[in-house]
Amino acid sequence: MSGLVGFAADLLGWYDRSARTLPWRVGPRERAAGASPDPYRVWLSEIMLQQTTVATVGPYFERFTARWPRVEDLAAAETDAVMSAWAGLGYYARARNMHACAKQVAAAHGGAFPDQEAALRALPGIGAYTAAAIAAIAFDRRAVVVDGNVERVTARLFRVAEPLPQAKPILTAHAERLTPEARPGDYAQAMMDLGATVCTPKRPFCAACPVSSHCAARAAGDAAEYPKKRPKAAKPVRLGVAYLALDGAGRALLVRRPDKGLLGGMLGLPGPEWSEAGPSEAAAAAAAPCTADWRALGVEARHTFTHFHLRLALRGARLARRPAIEGAVWAAPSEFGELALPTLMSKALKLGLSKLSAFK
């Protein structure tokens, strides 16, 4: 591989010509003219982009920043409003931590994000990668920013034989050597753009790559084989039961899940814990929200999470009157879109309502 200084210069020259236009980004021309990124917008975009694509995040980011243009505005928002605006982005712990972080920045830092990685990492929901990205992009601090795109580019540049995730420390060490003192924020975004648009996972466009002369895998003709990965283990299947109760007006009973855990703090259908063995009949019956003529609806809501597949068997009942259930929310189907319903629960409600309507 040729000189590291030459690599950064080649990459930044390409970025100056070809940087993506993104709603949260201050581009290289604007930055060269003296414009500074808004740390709030950088932070918000990085939280949203965790395990989510740029195309998906764009509209959410625009809606969030129109509704809450400053971190103080987001901090003052009601939790339900934030969760509702987040609905559909998934990984809902991010939204809870995001709201907690906004409150802490507003209360403890006067609405100004810290500009050092260590102080950023002390905030809720900000880990090593996010702290480095904010420090570099928002404050132009020299920070080693390593996301999936950077791992892929670096693995090919150095033709790293170790598979992921074992290769992470090696790739981070290489990324540390590559990161320049000058323009570290633009450099971090240039690496991300290179991985997203040129050094893509399956078919890298090596002929269009601005740093191909530095790349060991390009020289060997096997760039698509990197990074090496171990075969993925099959995801386990967990089973559960969910109860759909409708009152006389056709409004569905929803309850809020515990704050901690999967879908924490979100509204959804009541039911027992999910497990690979599934709940026993006694456990399923004990988890029913009230006494009713519960019927198996003959359908399952199926959903895939990061680490497992879920099959949620639905049971339904029509109630002559509403039972007293602490914290219950009764909502008509026309109101579901206004609630912070995770995708799984939206699926379950749609399926359950289509079946329960057949029962008088």
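Helix pairs whose angle is under 35 degrees count as roughly parallel, those over 145 as roughly antiparallel, those at 65 to 115 as roughly perpendicular, and whatever is left is called oblique. In this predicted model, helix 6 (residues 79–86) packs against helix 7 (residues 93–108) at about 135 degrees, so the two are oblique to each other. Their axes sit 10 Å apart, and the crossing is right-handed.

As for who touches whom, helix 6 brings Thr 79, Val 82, Met 83 and Trp 86 to the contact. On the other side, helix 7 answers with Arg 94, Ala 95, Arg 96, Met 98, His 99 and Lys 103. Sorted by character, the residues of this contact come out as 5 nonpolar, 2 polar and 3 charged.

A word on confidence fits here, with helix 6 in the picture. The protein chain has an average pLDDT of 93, and 98% of its residues score at least 70. Helix 6 is where confidence is lowest, with a mean of 88, while helix 5 (residues 71–76) is where it is highest, at 98.

Turning to the aromatic rings, a search of the whole structure picks up 9 pairs. One of them joins Trp 43 and Phe 113: the ring centres lie 5.1 Å apart and the planes meet at 40 degrees, so this pair counts as tilted. Trp 43 belongs to helix 3 (residues 39–49), whereas Phe 113 sits in the loop between helix 7 and helix 8 (117–121). With their positions 70 residues apart, the two rings tie together distant parts of the chain.

Notes:
Residues are numbered from 1 along each chain as its sequence is written. This is a predicted model: local features need pLDDT of at least 70, side-chain atom pairs count only at pLDDT 80 or more; totals for chains, interfaces and linings use all residues. Side-chain values use heavy atoms; hydrogens and water are left out. Axes are lines fitted to C-alpha atoms, for helices over the stretch in contact, and angles run from 0 to 180 degrees between N-to-C directions. Helices (H or I, at least four residues) and strands (E, at least two) are DSSP runs, numbered from the N terminus. A crossing is left-handed if the near helix is turned anticlockwise from the far one by less than a right angle, and right-handed if clockwise. Contact means heavy atoms within 4.5 Å. Ala, Val, Leu, Ile, Met, Phe, Trp, Tyr, Cys and Pro count as nonpolar, Asp, Glu, Lys and Arg as charged, and the others, Gly among them, as polar. pLDDT is the predictor's confidence in each residue, from 0 to 100. Rings of Phe, Tyr and Trp (its six-membered ring) pair if their centres lie within 6.5 Å; planes under 30 degrees apart count as stacked, over 60 as edge-to-face and the rest as tilted.
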